[in-house]
Structure formats: C-alpha cells, structure tokens
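Colleague: Please take a close look at the cysteine sites in this model, and then set them beside the helical packing. I should like the reasoning behind each assignment.

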Amino acid sequence: MGDNHIPLADLRYAATVPHVPALASAPTGLLSDRRGRPLHDLRISVTDRCNFRCSYCMPKEVFDGSYKFLPQTSLLSFEEITRLARLFVAHGVHKLRLTGGEPLLRKHLEVLIGMLAGLRTPEGEPLDITLTTNGSLLERKAQALKDAGLQRVTVSLDALDDTIFRRMNDVDFPVADVLRGIEAALRAGLAPVKINMVVKRGTNDQEIVPLARHVREHFGPAVVLRFIEYMDVGASNGWRMDEVLPSADVVSRLSAAFPLQPVQAATVGETAERWRYVDGGGEIGVISSVTRAFCSDCNRARLSTEGKLFLCLFASRGHDLRALLRGTRDGRPYTDDEIAAAIGLIWQGREDRYSELRGAMAADPGSGERRVEMHYIGG
Ligand code: SAM
C-alpha cells in the first residue's frame, strides 16, 4: 500500500465507548450543549461507498481499487439505525437526513425510509426526512423513495457543462443523467428539490451563472440552487484556501446577471443564507462554511455508517454507539433509556466550534489527529 492510503476499517477513526450512567432516566426532548445549542438534526450516513470520485471529497488517488471500504458487518442494520433515530428523536431531533457515501447505493434504502417515516416526535408529529444524493440513481428510485415516506431531496451538481461535470465526478458520469434524476424527483413530488454546487475557484466557478440560468429556465422556483464553499473536511482532498470562492463573490456574480435580494432565515441553525431573485424567479442559497462560520447555531449530530456519533463535521473522534447497541451490561443488552442517557451526556458535553476557530489554527487542528472523511460521516 502506498503512503496515501488511510488505515483499515477497524482502525479508521478514534472513538470512545460512551459512558452509560448507572441511573438512566428517559429523555426530556430538551437537550442542550455547553454553548446552549439544542439537538435538532441528525445526519445518518448509510454507506461509505460512492460511485463518484469528486476530487474534493473522495479523490481517486486515495479511494482507488485497493481502498478498503467498511465490511457489511460493520454497518448499522436498518433496525439499529431506526432504534438510534428513535432515541435521538426523543432527545429533540425533528429532522433526519440520509447521506453517505452515496446513500442510493445502500440496498433497499426505501425500507429504511419507511421505518424512519413511522417515527413520531414527542408531540406526535412526523419527522422531516430528507436525503442528499449525487443524483446518479435518482431517476430510477425517486418514486419508490417518495412512496416510502421521503419528503425532499438534495442533489449535488457541480457543473452544467458536461465536460466539466465529468471531470469533477472523475468517473465520466454524464450531467444529463443527473438532470433527469432531478426531473424525476420533481415528478414524484420530492419538492422543493435543492441542488448543491460545491464551488472550487479555477475548477467550476465559471459554471455559477450558467447553472443558475438553467435552473431558472428549466425548473423555476421548485428547485433551489445552493452554492457551498469548498471546505477543508477530511485529510485527503489537498484543500487550499486560494481555491475557495467566498460566497460574497458568488452572490455578486449572480446578482450581476439576475438581481437578488436577501431573504430572512426561516429557522435557527439554517446553514444556507437565502437570497431571492427580484423578478420572482425563485431562491438561491449560499453556504459559507469557510468565510462565515455558523457554529454558534449548529444543532446537528452525525451518525457514521458504523454507528459512531460525531458532533462536528471537522471532528477527529467519534463516540461508538454501536458498541452499546451490540454490547451488554451485566450480561443483558443495554436498554433504550441507557443508550439515550449516554447520548444525552455526549451532547451535553459538546463544545466544539471548529469553523469559528479555523482562522486561528494551523492547517490541521491542534490535536494532530486526522479529521474524519466526509464520505464516512456524511455531508
Ligand atoms: N453522495 C451524496 C452526494 O453527492 O450528495 C451524499 C454525500 S456528499 C459527502 C454530501 C455533500 O457534501 C455533497 O453535496 C458534496 O458536494 C459535499 N462535499 C463533499 N466534500 C466537500 C468539500 N470538501 N467541501 C464542500 N462540500 C463538500
């Protein structure tokens, strides 16, 4: 194996087995962390595999034929995911986002969606269930996902130009297939569809206006295009600040073509700053994770494919919830209240704010530990 390979599955990321208190009481739904942040969203990575090799996420040189993805037995089963999701919901989670890797590569994903759609908040409300996908399999699967209970979908699309798109996904995948996936999602009623474009200066920034124009002309307000600043997640994408195009530049380029005005955020913790076209052509969003950190509102937890809980996209360490799901105390399985209590303690101890501190830190955070890769915990 070359130097650029990261270690095998069981050594993948440091994780601690969570502390389970001796006296576990049931969740109250009112958790907050050390910075007063509630727990509202849970992102669930259902696979670490992807059929794309975008250089900013899973570069081919690292994730090649000899890269060892997690074995099937490491993955949480649908029952395990649903059990944990239920406990997170009891703690206040209202929104679930399935991600990966490419979530549509996980077999029978609609069965999991059906199970999650059966969960209810403590107030008896259904959850907001959504999914982030590269769109490659969406045309085939959109209707089944909708029928299973999926409400919305976010599709990643980094260019309208076929040559640039194929170069960015690095597996020669045609843009037309993703566009057909978006149409299928709209037909199935998975609206509003969001499109996420990661902007890399010098790679696809010339696509900002053409993609916006295409969305306005072909889809209209039913599709919201969002521009994401290229982030320093993981340790394998060779991130450089000079390849980040600040969201402010995106907005000024767009408004030169289509005048924009700001829109008030609908909910606290919304990652995207919203803008609307003055002519009524719909909305766009910008996600400024590099130039405008939003840690103070971050209410998201992330569950990795193998059941580790991460409290920040830029974390190096997780909390091994699978060890509790599959482990025992005094010869008996852990109860729901015990696992929920362990989750509660983890959230109450949370104080990270990586993006706010980024500017003050060296390229890698002080601990010297390798940051978790995005395909593993999900975007
Ligand atoms: N495969 C799915 C997809 O393509 O949407 C879900 C997983 S992907 C990791 C989730 C999102 O993270 C995508 O929109 C992707 O573009 C984004 N992403 C990955 N690496 C990124 C980076 N370095 N900076 C910004 N966004 C990134």
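**Cysteines and helix packing**

Modeller: Cys312 is buried, since its relative accessible area of 13% falls under the 20% limit for that class. The model is a predicted one, and every value here is computed from it. The sulfur of Cys312 lies 6.5 Å from the closest cysteine sulfur, that of Cys295, which is too far for a bond, because a disulfide requires the two sulfur atoms to be within 2.5 Å. On this criterion the number of disulfides is zero. Cys298 likewise takes part in no disulfide, the nearest cysteine sulfur being that of Cys312 at 6.9 Å. Cys298 also counts as buried, because its relative accessibility is 13%.

Turning to the helices, α6 covers residues 208-219. Its twelve residues, at 1.5 Å a residue, should span 16 Å, and the C-alpha atoms at its ends are 16 Å apart, so expectation and model agree. The buried positions of α6 are Ile208, Val209, Leu211, Ala212, His214, Val215 and Phe219. These buried residues pack against two helices, α5 (175-188) and α7 (247-257), and against the strands β6 (193-199), β7 (223-229) and β9 (273-277). Immediately after α6, Gly220 adopts a positive phi of about 70°.

Helix α5, one of the partners of α6, also packs with α3. Two packed helices are described by the angle between their axes and the distance between the axes. The axes of α3 (residues 138-148) and α5 come within 8 Å and cross at roughly 20°. The two helices are therefore roughly parallel, as the angle is under 35 degrees. Their crossing is right-handed. From α3, the contact involves Leu138, Glu139, Ala142, Gln143 and Lys146. From α5, Arg180, Gly181, Ile182, Ala184, Ala185 and Ala188 take part.

One further residue deserves attention, namely Ile164, which belongs to helix α4 (residues 162-169). Ile164 is buried, because its relative accessible area is 8%. Setting aside residues up to four places away in sequence, Ile164 touches Ala159, Thr203, Asn204, Gln206 and Glu207. The C-alpha atom of Ile164 is separated by 9.2 Å from that of Val175, eleven residues away along the chain.

In summary, the disulfide count is zero, α6 has the span expected for its length, and α3 runs roughly parallel to α5.

Technical notes: Residues are numbered from 1 along each chain as its sequence is written. This is a predicted model: local features need pLDDT of at least 70, side-chain atom pairs count only at pLDDT 80 or more; totals for chains, interfaces and linings use all residues. Side-chain values use heavy atoms; hydrogens and water are left out. Buried means under 20% relative accessible area, exposed over 50%, partly exposed in between (1.4 Å probe, protein chains only). Helices (H or I, at least four residues) and strands (E, at least two) are DSSP runs, numbered from the N terminus. The expected span of a helix is 1.5 Å times one less than its number of residues. Contact means heavy atoms within 4.5 Å. Axes are lines fitted to C-alpha atoms, for helices over the stretch in contact, and angles run from 0 to 180 degrees between N-to-C directions. Angles under 35 degrees count as roughly parallel, over 145 as roughly antiparallel, 65 to 115 as roughly perpendicular and the rest as oblique. A crossing is left-handed if the near helix is turned anticlockwise from the far one by less than a right angle, and right-handed if clockwise.
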